[in-house]
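Got your viewer open? Let's take a short walk through this one, stop by stop.

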Amino acid sequence: MITSTTSPRIGRALATALAALALWPCAVSIAGEVVDFEPRVRPCYACHGDQGRATPDGYYPRIAGKPAGYLFEQLLHFRDGRRVHDEMSYLVDRQRDDTLRRMAEHFAALDLPHPPPAVLNTDATTLEHGARLVREGDAARELPACTACHGESMTGIEPAVPGLLGLPQDYLAAQFGAWREGARRAREPDCMAQIARRLEPADISALSAWLASQPVPSHARAQAGPVRQPPMRCGVLENAR
Amino acid sequence: MSRPLRWLLGAVVLAAAVIALIAWRGLRVDAPHDGATPVPRIAADISDPVARGAYLARAANCRGCHSARGDEPYAGGRQIPTPFGTFRSPNITPDPETGIGKWSDTDFWHALHDGRGPDGAPLYPVFPYTHYTRVDRQDSDALFAYLRSLPPVDRKNRPHQLKFPYDQRWLLVAWRALFFRAGTFEVQADRDANWNRGAYLTQGLGHCGACHEARNALGAIVSDEDPAGGVVLDWYAPSLRASDGAGVAHWSHEQVVALLRDGVSAHGSTMGPMAEVVYESLQHLHAEDLSAMAAYLRALPQSEGESAPRVASAAHEGDKAWERGASNYAKHCADCHGDRGEGKEDPGYPALAGNRAVTMRSPVNPIRAVLYGGYAPGTAGNPAPLGMPPYHATLSDQEIAEILGYVRGSWGNAARPIASFEVTRQRTGPLW
Ligand code: HEC
Ligand code: HEC
Ligand code: HEC
Ligand code: HEC
Ligand code: HEC
């Protein structure tokens, strides 16, 4: 029988091909063709740093190593106007969903060392306040602990919750501001927008300062998910793609 | 009667005559096209008028202008920058209060064909009724049926922000007298059906000339005699009738179709507003319509005049700006575009040597490419395009001018250098 003699060979060839693909995380297939995405994301390095590893002392957020679902969601937000940044939106404006998903997967698969955290001269009381909010929240104001969704080690939870470490202080503060003003939106119900509106300006400075000054554990990855019992409803956790 | 008085009277009579003429020409309503000469039927195989209207709206890219990012489609609000100020497109969903819900199909026809609102007020020609006027009544009705089928969106129109005197809508009466006649599409009997189909699509629905033809100081298209492109949305849309502009007569039929459908061809790719035209409109057209457009574009008479006059390649030794340009090119650009501007085959980075987009008289497109970067549009034929990085944060205006001066003057290119103020000018305004 022909199949019995050829199929193991085909199987082995297939296995080798698959193994090769696994070793080459940026090669993905679009419309049946294998496409290397590294050259396709080079324009991103202009702002997000080499391979998306941005440093904490600028404004641009790191994108390397964040959960793919989260990154994909953000690219859709910029393209479709739920997050606002003109130059960022311009680049993804006329791209198809599958391409943006591949870009997200490309960056998610990277495991690059983190630089040491920014050195800030924030006073100890402020930092303590930030740390407490992150770990415990504030029940009186219906503020859940950030770790409930972002993970005990704050490195995020697959597939849609990003880590909070290694981000610039200004960037963090700007995100809470954008959520409060409606310039950043996630899927409804938008839990982060509700949380941001419950924060006082002093909370925002404390959270941004504390988070930006924490070292990132080496090989930090988002922990396996999904978030088991989110303390609030988040659209993105309900229909994680 | 004393002489001065007679002069005065003469002047008054003359002025009255001119005003009457302008008013007559500017206010007249041209007899609507009765459909005596049938226009090429686009998407004739779609029998449902709403679905056919949806296709025609794609071909005319109504959605592109009438939707703001992140808002409901067709609810308006998109900013359209022009030399006269910034326009805000209106809501054309069927909401009765804020959209066009109270319009009749005849009101809509007057807008599309004759550039007038239901109250007879003239519309600004930034709405390209100057081209849509060639669309016939049957297609207009299909477009209207489609717009009526959209979910109504309650969104008040925002006022345009125009400079004086352009904010005076009544002045459009004079503008229309001088520059606009409602028209119809005339089938050219000496051309085949395919050419006529392409002409109807390109001149009418596609309104390609709204961007690709030069306008005078009052925004009227003037390039009929002398092909020149137009500045639009801060980009330069070169003439489709200039082989050193956007003319494609010397390309193969397949390459022209590829450019329109996929946004890239072997000869060049689309950027900025043209990338939007491909993404929103052209990539969705049926093969026979693309083929007809390509045939029409390839048959356009061609001339030259878009490339900057060749400047003698002076000796650049000791020219500090040139040297800085060369070394910054090597540092920032050569990786992708090649040491000698030859580009790369795999992956396909465009050559800058001998590239007409780089040596054009108007340098705004290469300046915008370097400032803001960008990708060709993602289409079925080119789903994962390569992109150009933005340099607005890392390079100064002076550095960009020097690099482009070097690029425009090297490897056989011989266009004039660029001044840094030309780069500075491109740093403001919405991105397209
Ligand atoms: C012109 C600079 C610039 C370039 C180039 C750029 N970005 Fe961004 N990007 C930004 C800025 C600024 C932000 C943060 C915007 C904000 O404040 O919300 C951002 C945010 C993001 C985010 C959200 C990050 C997060 O943690 O929420 C993602 C994902 C992203 N960019 C991906 C990309 C990809 C992929 C590319 C290449 C296709 C790219 N960016 C190119 C400027 C840029
Ligand atoms: C109920 C779950 C939940 C809780 C609690 C929560 N987050 Fe989030 N957070 C999310 C989700 C989901 C996202 C991703 C939103 C999106 O898709 O844009 C997010 C995103 C963020 C981001 C954006 C990160 C980036 O890279 O741009 C920041 C910053 C953030 N959260 C901070 C906090 C802080 C600080 C707290 C505690 C005060 C907190 N979050 C509590 C669910 C939560
Ligand atoms: C280049 C951008 C652009 C394109 C393309 C465009 N429009 Fe418009 N349209 C405008 C602007 C701007 C106005 C406002 C003109 C004015 O105020 O006089 C307008 C006005 C209108 C009006 C009048 C609305 C009112 O409330 O008075 C209608 C109807 C309309 N457009 C329909 C369409 C249709 C249908 C298409 C496609 C066939 C289309 N437009 C394509 C920019 C555009
Ligand atoms: C909104 C303005 C706009 C409209 C409408 C428009 N174009 Fe363009 N087009 C441009 C600009 C700007 C460029 C120059 C940038 C580029 O090369 O992509 C361009 C470039 C081109 C090129 C040259 C591409 C190359 O690589 O050399 C062709 C051909 C072209 N357009 C054809 C068309 C046709 C056909 C239509 C009508 C269906 C059309 N354009 C409608 C703005 C427009
Ligand atoms: C990461 C690779 C890369 C680098 C680095 C790069 N480019 Fe590009 N460039 C591209 C790609 C890809 C395109 C085509 C973009 C498109 O199709 O929209 C392009 C387009 C252009 C264009 C428009 C050409 C045309 O045919 O319309 C110019 C001009 C240009 N680049 C100049 C430069 C200059 C000057 C530099 C250095 C400051 C540079 N590029 C650096 C990849 C690159």
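How do the residues of the shell around ligand 3 divide into nonpolar, polar and charged? There are 18 nonpolar, 5 polar and no charged. Here Ala, Val, Leu, Ile, Met, Phe, Trp, Tyr, Cys and Pro count as nonpolar, Asp, Glu, Lys and Arg as charged, and the others, Gly among them, as polar.

Some housekeeping: this is a predicted model, where local features need pLDDT of at least 70 and side-chain atom pairs count only at pLDDT 80 or more, while totals for chains, interfaces and linings use all residues. Residues are numbered from 1 along each chain as its sequence is written, with chains lettered from A and ligands numbered from 1 in the order in which they are written.

Stay at ligand 3 and select B:Ala60, B:Cys62, B:Cys65, B:Leu123 and B:Phe127, which come nearest of its 23 surrounding residues (a residue belongs here if its C-beta atom, placed from the backbone, lies within 6 Å). Then colour H3(B), which gives the largest share of the shell, 4 residues (helices are DSSP runs of H or I, at least four residues, and strands are E runs of at least two, numbered from the N terminus).

Next, jump to ligand 5, which lies between chains A and B. Of the 28 residues around ligand 5, pick out B:Ser269, B:Cys333, B:Cys336, B:Ala376 and B:Met388, the nearest ones. This shell divides into 19 nonpolar, 7 polar and 2 charged.

Last stop: A:Ala108, in helix H5 (residues 97-108) of chain A. Show A:Arg221 too: the two are 113 residues apart in sequence but 9.4 Å apart in space, C-alpha to C-alpha.
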